[in-house]
Amino acid sequence: MMECIKAREWIHLHMDRSLDHSNEALLMAHIEDCDICRRDYEILMSIHQVLQSTDEVDLPSDFHETLMKSIKKRPKKRQNILFLKQLNIAAVIVFVLVFGLIGINNLNQNKSFNNDEVSEEMLSMSAITEENSEMNVAMDATEFEDASLSRASNENERSQKATSDSLLLEVDHQYGNDLLGVRYDEGWIIVMVGGILIIGLLIGYIKLKL
Amino acid sequence: MSDKSEQKLINNAVNGDSKAFEKLILPYEKKVYNIAMQMFKNEQDAYDASQEVLIKVYNNLDKFKFESAFSTWLHRLAMNTCIDEYRKRKRHLEHTTTMEVRVGLEDESITRQFIDHNLTPEQEVLKNETVLEVHDAMNQLKEDQKILIIYRDIYGYSYDEIAKILECNLGTTKSRISRARQALKDIIIKKREQTAS
Ligand SMILES: [Zn+2]
């Protein structure tokens, strides 16, 4: 004869349909004999039946709309993260532009064109040389260590600039050297610092999860 | 929805894409509302509580780390929110006298919910009595037991799923559910003894 404690445990298994056949028979035999377990079994089974026949109700028609409205109303910290990301991208672009321009300016122009007295004609010439030097910088960025190669192309560049230089000669004699006071080698340092900053910002951007 | 597309929606929603959140949450809305409906037994409270659950999902989505299924995590929020909100309302109801009026109104809608068209009128009366008896007992059950009965016996969630929602082991989960059923049965027995005497 099985004990009531065991029977109680098995009633739950029976409700879950996970009591095996032989134990099922033992349980039913006990319920026949034991008034208390029979009463418990009957109540538990009727509870189970009622609960299982519960119908699903439909979602109120405005439920989803209300939810989306209250979500859009909440400016979340998540949106701040999105803002941070945009700020980071903007910072990267600004650094690329600023350091790119300074780098170009100093790498290829020993002598400054930023002279008020420079004629219109000379400015348009320098625009052409700047276009060429942009290509140079692109090369420099990929082949950072190979400075000699870049220098060699700078030599090329300079021969191309011969005409504009000759035009500047007169101005140079009058006003001396570079107004910014940045020399050839210092241009490289600026490009490198700029590069490091850009890499730092990109790491920051990746860490915020793409 | 496949796990992968759900994962993508979660990531996009975390990045502030409300359309992605909408797609992610849409398949769960009805279930959450129904669970709240069983918990509160009135439309307004169920509406408010289930909105609360889904807003919490939105606000805490960045804390979801894919350590469980998304549905498990969502139901954990649903369970906890339903329990909290139920306690708040119970405390509030204890201070008001409208409870009897409310229960009276609810009974009617509850029996309507359970109508079985294959029964004879006599059987229906008997059935309705049982339905009301169970409903009444559910109302007296402690909230943490009530939510377990809702998940297991009304919506048929497996012990395994419930264990994951509770972050409990399987044995503990099974015995907690057995105790909840036992408590429900004891409430009914007590009630029957009271009406008999
Ligand atoms: Zn027994």
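## Burial at the zinc site

A residue is termed buried when its relative accessible area is under 20%, and partly exposed when the value lies between that limit and 50%. In this predicted model, Cys34(A) has a relative accessibility of 12% and therefore counts as buried. Cys4(A), at 32%, counts as partly exposed.

## Zinc coordination

Both cysteines belong to the set of zinc ligands: the ion is coordinated by the SG atoms of Cys4(A), Cys34(A) and Cys37(A) and by NE2 of His30(A), at 2.1 to 2.4 Å. The angles subtended by the four donor atoms run from 99 to 116°, so the arrangement is tetrahedral. For comparison, the ideal angle for four tetrahedral donors is 109.5 degrees.

Along the sequence, the donor residues follow the spacing C-x25-H-x3-C-x2-C. Cys4(A) and Cys34(A) link distant parts of the chain, being 30 residues apart. Cys4(A) lies in helix H1 (residues 4-15), whereas Cys34(A) lies in the loop between helix H2 (21-33) and helix H3 (35-52) of chain A.

## Interface between chains A and B

Contact between the two chains involves 39 residues of chain A and 49 residues of chain B. The area buried between them is about 4,200 Å², with carbon and sulfur atoms giving 59% of it.

Six salt bridges are found across this interface. One such pairing joins the side chains of Asp16(A) and Arg152(B), at 3.0 Å from N to O. Polar contacts between the chains number 15 residue pairs, with both residues at pLDDT 80 or more. On the side of chain A that touches chain B, the elements giving two or more residues are H1, H3, helix H4 (63-73) and helix H5 (77-108). H3(A) gives the most, with ten residues.

Key: Residues are numbered from 1 along each chain as its sequence is written. Chains are lettered from A and ligands numbered from 1 in the order in which they are written. This is a predicted model: local features need pLDDT of at least 70, side-chain atom pairs count only at pLDDT 80 or more; totals for chains, interfaces and linings use all residues. Side-chain values use heavy atoms; hydrogens and water are left out. Donors are N, O and S atoms within 2.8 Å of the metal (3.2 Å for Na, K and Ca); water is not among the atoms, so sites may look incomplete. Four donors count as tetrahedral if all angles lie between 85 and 135 degrees; four count as square planar and six as octahedral if opposite donors are over 155 degrees apart and all others between 65 and 115; anything else is irregular. Helices (H or I, at least four residues) and strands (E, at least two) are DSSP runs, numbered from the N terminus. Buried means under 20% relative accessible area, exposed over 50%, partly exposed in between (1.4 Å probe, protein chains only). Contact means heavy atoms within 4.5 Å. Buried area is the accessible area (1.4 Å probe) that two parts lose on being put together, summed over both. A salt bridge is a side-chain nitrogen of Lys or Arg within 4 Å of a carboxyl oxygen of Asp or Glu. A polar contact is a pair of N or O atoms within 3.5 Å; within protein, one must be able to donate a hydrogen and the other to accept it, and residues adjacent in sequence count only if both atoms are side-chain atoms.
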